[in-house]
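Work through the exercises below with the model open. Try each task before reading its solution.

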Amino acid sequence: MSLLYISKCPVQCAGLGCNSISLWSQALEALFRDFLHGMWGLEGFSLGAVFWCSDVIACNSLLPSVQSLPTFGFLLDIDGVLVRGHRVIPAALEAFRRLVNSQGQLRVPVVFVTNAGNILQYGKAQELSDLLGCKVDPDQVILSHSPMKLFSQYHEKRMLVSGQGPLVENARILGFRNVVTMDELRMAFPALDMVDLERRPKTTPLPRDDFPAIEGVLLLGEPVRWETSLQLIMDVLLSNGKPGTGLATAPYPHLPVLASNVDLLWMAEAKMPRFGHGTFLLCLETIYRKVTGKELRYEGLMGKPSILTYQYAEGLIRQQAERRGWPVPIQKLYAVGDNPMSDIYGANLFHQHLQKARHDGAQELGPGGPRKQQPSTAQSCASILVCTGVYRPRDPEPAQGGKESPFHGHRDFSFSPGLMEASHVVNDVNEAVQLVFRKEGWVSW
């Protein structure tokens, strides 16, 4: 789309100096930008050369690249990128002033991808809406366990669930209709929880055989009493779901285990990172291996850096674009995060998967055979690392003497140093948005 005005005496400046021409050009660009943005929501255009002539303005290539339909979207981490604990990072407010138009609508599709899981989806959406000053819908938020909706083959099984917060409600939202909490299991078998002396039964409880067998384990997030959860999960796995009985030999393969959020560490208000659910999983895996001599196996690992999580996020980006009436396929994704091991590793791993899919047509991926999703329209996923969370630019380099820095990722994600290298490193999320807008030829104001 372009406009061209022809003067009676083309490209002669009629006595006006170049500075005046430049000022008129800037004023006209601002006028047209505000007018077209307000009337039609047009984005990403620029004003070409402007010449002041004797009768009329001649505009060479006005609006040469009007970009009203986005072909890219954002996958934004939350903790360490948008917030620290319950406090919003100031740069996030600046970023969303650029991302939201004058009608309060997002200019491009945005999905919030967090490895948190001890909260309800709509609760996280409301929290983000309050902090960022723009409406965030629940289906824009991906919690670490959200892709468990795809594992429908386990939804009818009786599952032991570990974590905190609204556990049962979260499990039911995911599709699991028959769950048992740690407290329910502990009350049914009080002799199992023996670490806390204050909680030990004062008398020997009667054995019971009316408790239905547990058929699998859901690990949705870090629990409060780690010693209780570790003990009871081990009891369930070693007894094949019947913790009131003892088996001479532990079954292997064991009952199915689905887990989300493998972050070893995460960033809150404290100066140093805090233990994440990945630390709890490390404890469980170590205990299981020490007791049985075998590896704990997962039917599904969700949350970043799992490819399944990025496939799920890309599907929500596509649905968001369709609801907004943007018919152009979203071909580029930009993942912004603060954790090299989860955010950057995961985005690069997904980009690798997309390139492989384009080459050999492989589209579906997912441990445990989850329900298939629609084929991806994304062609790339660029990783952008910010310095407001876990990663700090002054982090120590690999130790001297040839030793590498410790690997903080989960054991099921093989260490590949190249996947931890971000496509771009910026100070904060506002710089990340500006960087993407420049790369995509969008005007940022």
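**Exercise 1: the strand pairings**

In β17, His424 is the bridge partner of Ile384. This is a predicted model, in which local features need pLDDT of at least 70, side-chain atom pairs count only at pLDDT 80 or more, and totals for chains, interfaces and linings use all residues. Residues are numbered from 1 along each chain as its sequence is written, and side-chain values use heavy atoms, with hydrogens and water left out.

Task: find how many bridges join β16 to β17, and how many join β15 to β16.

Solution.
- Start with β17 (residues 424–426). Three bridges join β16 to this strand, and the two run parallel.
- Strands are DSSP runs of E, at least two residues long, and helices are runs of H or I of at least four residues; both are numbered from the N terminus.
- Two strands pair if DSSP finds at least two bridges between them.
- Now take β15 (residues 332–337). Six bridges join β15 to β16, again in parallel.
- One residue pair to locate: Ala335 has Ser383 in β16 as its bridge partner.

**Exercise 2: burial of β16**

Task: decide whether β16 is largely enclosed or open, and say why.

Solution.
- Fix the cut-offs. Buried means under 20% relative accessible area, exposed over 50%, partly exposed in between (1.4 Å probe, protein chains only).
- Apply them to residues 380–386. Six of the seven residues of β16 are buried, so the strand is largely enclosed by the rest of the structure.
- Set the chain figure beside that: buried residues make up 49% of the 445 residues in the protein chain.

**Exercise 3: two loop residues**

Task: classify Ser146 as buried or exposed, then list its contacts.

Solution.
- Ser146 sits in the loop between β7 (141–142) and β8 (159–162).
- Its relative accessibility is 3%, so Ser146 counts as buried.
- Contact means heavy atoms within 4.5 Å. Leaving aside neighbours within four places in sequence, Ser146 is in contact with Gln121, Val141, Leu174 and Tyr312.
- A polar atom of the Ser146 side chain lies 3.0 Å from the backbone nitrogen of Leu143.

Task: where does His408 lie, and which residues does it touch?

Solution.
- His408 lies in the loop between β16 and β17.
- The relative accessible area of His408 is 38%, which makes this residue partly exposed.
- Not counting residues up to four places away in sequence, His408 touches Leu264, Leu265 and Met341.
- Asp263 is 145 residues from His408 in sequence, yet their C-alpha atoms are 8.1 Å apart.

Key. Polar contact = N/O pair within 3.5 Å; in protein donor to acceptor, adjacent residues only side chain to side chain.
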